[in-house]
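Thank you all for coming; I would like to take a few minutes to walk through one model with you. Please have the sequence and the structure open while I talk.

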Amino acid sequence: MTYWSSIVNETDLCHPGGTRHGLADVLGLHSEEIDGLCDGETNHFLPVNGNELHLKESYACRHLCDLVRLKAAVPLMEYADNFYKGYPALTVHKYGSGHAYYICADAEAAFYHDFYQHIITAQQIRPILERIPEGIEVSSRVHKDFEYVFVHNYTDSAIDLCLPDYIEILSGNYNGTISVYTAIIFQRTPESYDNHAPQTKLAGCPVSW
């Protein structure tokens, strides 16, 4: 979740009673206020010593910085500047059998890349596809015995894409590439993914690992 989560309802009206609406127990914190930075102003995220994700770099943030009061959440990074120096900038709260992460500000792109990579490594999450080219977005949904994978090309160029050969394409045309501004939908069983090693032959693609 982020500083922009659970502020308004489905009709874009603000939730009464403070933020994060309905999620305070999940996130383990309460938002007190948001500081809006002027154009050209920045703050920074600094890693907390010994944080559980082993984050080590600092990152710039802009635009909006949420100031939160921790209840049960643990800080992973903190603000480096301004009157809220030392306030949490990234937190985690163990909730049920999972973890709820809260990003308090609009950080630079490098932060999101590193942060999600640390989560993927820590939780041993396998990627939906072994290779995802630049410009391609991939998501999946699981229903009963099948996983449905959605592959989108949001660019104005056709992109080479390697898909496994144990899938069934349900929508879209695939000949080793995905066309401009199009999508491919395919299904597979979760077991088929688990049973195929990363060296599985890719449909229409040479194997070069």
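**Salt bridges, strands and cysteines**

Searching the whole structure turns up two salt bridges, and I should say at once that what we are looking at is a predicted model. I will use these two pairs as a way into the strands that carry them.

Before that, a brief overview of the protein chain, whose secondary structure amounts to three helices and 15 strands. The C-alpha trace spans about 55 × 40 × 40 Å along its principal axes, and of the 209 residues in the chain, 34% are buried.

Let me take the salt bridge between Arg-69 and Glu-32, in which the closest N and O atoms are 2.7 Å apart. Arg-69 belongs to strand β3, residues 59–70, and Glu-32 to strand β1, residues 29–36, so this pair ties together parts of the chain that are 37 residues apart in sequence. As for its surroundings, Glu-32 is partly exposed, with a relative accessible area of 37%.

The two strands that hold this pair are also joined through their backbones, since β1 and β3 run antiparallel and are connected by seven bridges; within that pairing, Ser-31 has Val-68 in β3 as its bridge partner. Strand β3 has further partners that you can follow on the screen. Strand β2, residues 43–47, pairs with β3 in the antiparallel sense over three bridges, and here His-44 finds its bridge partner in Ala-60 of β3. Strand β7, residues 105–107, is likewise antiparallel to β3, again over three bridges, with Asp-106 in β7 as the bridge partner of Arg-62.

The other salt bridge joins Arg-188 to Glu-147, and its closest N and O atoms are 2.8 Å apart. This pair, too, links distant parts of the chain, with Arg-188 in strand β14 and Glu-147 in strand β9, 41 residues apart. Are these two residues buried or exposed? Arg-188 is buried, at a relative accessible area of 2%, and Glu-147 is buried as well, at 9%.

That brings us to the sheet around this pair, in which four strands are arranged in the order β8-β9-β14-β12, forming an open sheet with antiparallel pairing. Its edges are β8, residues 136–143, and β12, residues 168–171, each of which pairs on one side only. On average, and ignoring direction, neighbouring strands of this sheet are turned by 25 degrees against each other.

Strand β9, residues 146–153, deserves a closer look. On one side β9 pairs with β8 in the antiparallel sense over eight bridges, and Arg-141 has Tyr-148 in β9 as its bridge partner. The hairpin of β8 and β9 has two residues between the strands, and in it Lys-144 takes a positive phi near 55 degrees. Strand β9 also pairs with β14, residues 183–188, in the antiparallel sense over six bridges; there Val-149 stands opposite Phe-186, while Val-151 has Ile-184 as its bridge partner.

Which side chains of β9 are buried, and which are not? In a regular strand, side chains alternate between the two faces of the sheet. Along β9, Glu-147, Val-149, Val-151 and Asn-153 point to one face and are buried, whereas Phe-146, Tyr-148, Phe-150 and His-152 point to the other face and are not buried.

Let me turn to the cysteines, where the count of disulfides comes to zero. Why does Cys-65 form none? The closest cysteine sulfur to that of Cys-65 is in Cys-61, at 4.0 Å, which is too far for a bond, given that the cut-off for a disulfide is 2.5 Å. Cys-65 is buried, with a relative accessible area of 0%, while Cys-162 is partly exposed, at 22%.

Finally, a word on the surface, where Tyr-116, Ile-120 and Ile-125 form a nonpolar patch with about 270 Å² of accessible area together. Of these residues, Ile-120 sits in helix α2, which covers residues 109–123, and with a relative accessibility of 35% Ile-120 counts as partly exposed.

Methods: Residues numbered from 1 in each chain as written. Predicted model: local features only at pLDDT ≥ 70, side-chain atom pairs only at ≥ 80, totals over all residues. Heavy atoms only, no water. Buried < 20%, exposed > 50% of the residue type's maximum accessible area, 1.4 Å probe, protein only. Patch = residues over 30% accessible without salt bridge, like charges linked within 9 Å, V, L, I, M, F, W, Y side chains within 5 Å. Areas by Shrake-Rupley, 256 points an atom, 1.4 Å probe, with all protein chains shown as cover. Salt bridge = Lys/Arg side-chain N within 4 Å of Asp/Glu carboxyl O. Pairing = 2+ DSSP bridges. Axes fitted to C-alpha atoms, helices over the stretch in contact; angles between N-to-C directions.
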